[in-house]
Amino acid sequence: MSLSTQIMDAMKVAMKAKDSQALQALRSVKSAILLAQTESGAKQELTEDEEIKILQKLVKQRKDSAAIFSEQGRNDLADPEIAEANVIEQFLPEQLSKEEVATVIEEIIDQTGANSMKDMGKVMGMANAKLAGKADGKTISTIVKERLS
């Protein structure tokens, strides 16, 4: 079942349950997917990887907003953002733990023979390709920096 179909089904469930928070999050996902499909030069159907990237971007936006609101003491605004991020995360593949990401990065470093920060770009490129959708880019970057410094 495609992601769009899953989103529509979840929207129907949220409407029936009168869950306005989930409905708002799902509508934003549907909107982002439709926007990506109708961009000039874009093909009609998005690949699964493209859909996952869109979802990751939406989750990251909400978590960043929640962090800013929390710093400013505005938990009334942060809580809905976190709730929306949790709803969207349900459609993402299961994320790897930091230890699992570190293991994969160690393998990549061994394969490439990287030994300094000069090789970070090479390691990051391979890590992002291998861990796409399974780990956050910030987590990957942090672990790569730790290993190469």
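**A helical chain with two nonpolar cores**

Serine 141 counts as buried, because its relative accessibility is 17%, which is under the 20% cut-off. This serine belongs to helix α7, which spans residues 137–148. Leaving aside residues up to four places away in sequence, Ser141 touches Met120 and Met124. The model described here is predicted.

The chain contains 7 helices and 0 strands. Along the sequence, the pattern reads α-α-α-α-α-α-α. Taken along the principal axes, the C-alpha atoms fill a box of roughly 55 × 45 × 25 Å. The chain has 149 residues, and buried residues make up 34% of them. Contacts were also sorted by distance along the sequence. Among contacts with a separation of 6 or more, 56% are between residues 24 or more positions apart.

The largest nonpolar core has 22 residues. Within this core, the residues that touch the most other members are Ile7, Leu26, Val29, Leu55 and Ile88. Two or more core residues come from each of α1 (3–16), α2 (20–38), α3 (48–71) and α4 (75–89). Helix α2 gives the largest share, 7 residues. The contacts of isoleucine 7 show how parts of the chain meet. With residues up to four places away in sequence not counted, Ile7 touches Leu26, Val29, Lys30 and Phe91. A second core, separate from this one, has 17 residues. Val101, Val123, Ala135 and Val144 are among them.

Helix α1 comes next. It has 14 residues. From its first C-alpha to its last, α1 reaches 20 Å, close to the 20 Å expected at 1.5 Å a residue. Its buried residues are Leu3, Ile7, Met11 and Ala14. These residues lie on the same side of α1, because they cover an arc of only 80° around the axis. The spacing fits a general rule. An α-helix has 3.6 residues a turn, so residues three or four places apart point the same way. The buried residues of α1 pack against α2 and α3. What does the face turned away from the buried side of α1 carry? That face holds the exposed residues Val13 and Lys16. After α1 comes lysine 18, with a positive phi near 55°.

Helix α2 has 19 residues. Its reach from first C-alpha to last is 27 Å, close to the 27 Å expected at 1.5 Å a residue. The buried residues of α2 are Ala22, Leu23, Ala25, Leu26, Ser28, Val29, Ile33, Ala36 and Gln37. The cover over these buried residues includes α1, α3 and α4. Leu26 and Val29 thus appear both in this buried set and among the contacts of Ile7.

The model also has open space. Rolling a probe the size of a water molecule over the atoms shows where empty space is left. The largest pocket holds about 530 Å³ of space. It is lined by 22 residues, and those closest to its centre are Gln56, Val59, Lys60, Lys63 and Asp136. Which helices each supply at least two residues of this lining? They are α3, α5 (98–112) and α7. The largest share of the lining comes from α3, with 7 residues. Helix α3 therefore serves two settings: it gives residues to the largest core and lines the largest pocket.

How values were computed:
Residues numbered from 1 in each chain as written. Predicted model: local features only at pLDDT ≥ 70, side-chain atom pairs only at ≥ 80, totals over all residues. Heavy atoms only, no water. Core = buried A, V, L, I, M, F, W, Y, C linked by side-chain atoms within 4.5 Å. Buried < 20%, exposed > 50% of the residue type's maximum accessible area, 1.4 Å probe, protein only. Helix = DSSP H or I, 4+ residues; strand = E, 2+ residues; numbered from the N terminus. Contact = heavy atoms within 4.5 Å. Expected span 1.5 Å × (residues − 1). Arc of directions from axis to C-beta. 1 Å grid on protein atoms, 1.4 Å probe; cavity = no way out; pocket = protein on both sides within 12 Å on 5 of 7 lines; lining within 4 Å. Points joined across faces, edges and corners; volume = space filled by probe spheres on them.
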